[in-house]
Every structure is written in C-alpha cells, then in structure tokens.
Amino acid sequence: MPEPDNKHRIWQVVHAIPAGRVSSYGRVAKLAGLAGAARLTGHALRGLPQDTQIPWHRVINSQGKISLPAGSAAYAEQRQRLQTEGVFFTAAGRLRSKGYWWP
C-alpha cells in the first residue's frame, strides 16, 4: 500500500494526462519521483475514490495493453473510455499507434 503522500503524487501525474493520450504505470511513477515503482502506481489507482475525476483509464502497461483481465467489466470500461477519447487498439489488444503515449 502506498504512503499517502506517494499516492497523491501519483494521482497528480495521472490527472495531468490529457484526453486521447496514455501513459504507463512505470512512466507515471517516474514522473511522480518514484522511479522503478510501477506497481505502486497500480496500487494507488486501485485506491481511488469511487467518484473520482482522476482519469485512471489513461494508464496502461508498457507493452501498450490494458492490464485488467480481458473480458472483465473493468477492462471493457477502460477500453470504452479510451475509445471515446480516440485511443484505439489492435485486435490483439495493443495500442494502434505510438502517438498515443504521453509525455
């Protein structure tokens, strides 16, 4: 479980990801000053309040895939949110373009 200060630093970085762009768990951690703590990013995002305005769906793994289990409701929600913002995936579930990465 991340320290409250670290969690807030991660949330601030995720909040800065613009619509139509994505970042990886590791990149978010690095930008939050927590290099090498990709898993900490995942823990912090799981701890978001239910009614959050933080765009958690813009964080994916470094291979360009959604990390949630394929076929789950959460996976479908994340993919739909990204598609609504213009981020698309291949049939294999990878980002269709490297141009989606931020920063």
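**Exercise 1. In which loop is Leu34 found? Place Leu34 and describe its surroundings.**

Solution. Start with the ground rules. This is a predicted model, where local features need pLDDT of at least 70, side-chain atom pairs count only at pLDDT 80 or more, and totals for chains, interfaces and linings use all residues. Residues are numbered from 1 along each chain as its sequence is written, and side-chain values use heavy atoms, with hydrogens and water left out.

Step 1. Leu34 sits in the loop between H2 and H3. Helices (H or I, at least four residues) and strands (E, at least two) are DSSP runs, numbered from the N terminus.

Step 2. Leu34 has a relative accessible area of 13%. Buried means under 20%, exposed over 50%, partly exposed in between (1.4 Å probe, protein chains only). Leu34 is therefore buried.

Step 3. List the contacts (heavy atoms within 4.5 Å). Leaving out residues up to four places away in sequence, Leu34 touches Asn6, Arg9, Ile10, Ala29 and Leu40.

**Exercise 2. Characterise the packing of H1 and H3.**

Solution. Step 1. Take the geometry. H1 and H3 pack at about 85°, and their axes are 9 Å apart. Axes are lines fitted to C-alpha atoms, for helices over the stretch in contact; angles run from 0 to 180 degrees between N-to-C directions.

Step 2. Classify the angle. H1 is therefore roughly perpendicular to H3. The cut-offs: under 35 degrees is roughly parallel, over 145 roughly antiparallel, 65 to 115 roughly perpendicular, the rest oblique.

Step 3. Name the residues. H1 supplies Asn6, Lys7, Ile10, Trp11 and Val14; H3 supplies Leu40, Thr41, Ala44 and Leu45.

Step 4. Check one of them. Asn6 lies in H1 (residues 4–16). Asn6 is buried, at a relative accessible area of 16%. Beyond four places in sequence, Asn6 touches Leu34 and Leu40.

Step 5. Look at the H3 side. Leu40, Thr41, Gly42, Ala44 and Leu45 of H3 are buried. The buried residues of H3 pack against H1, helix H2 (25–31) and S2.

**Exercise 3. Which side chain does the side chain of His57 join in a polar contact of 2.9 Å?**

Solution. Step 1. Locate His57: the loop between helix H3 (38–46) and strand S2 (59–60).

Step 2. His57 is buried, with a relative accessible area of 5%.

Step 3. The partner is Glu85. A polar contact is a pair of N or O atoms within 3.5 Å; within protein, one must be able to donate a hydrogen and the other to accept it, and residues adjacent in sequence count only if both atoms are side-chain atoms.
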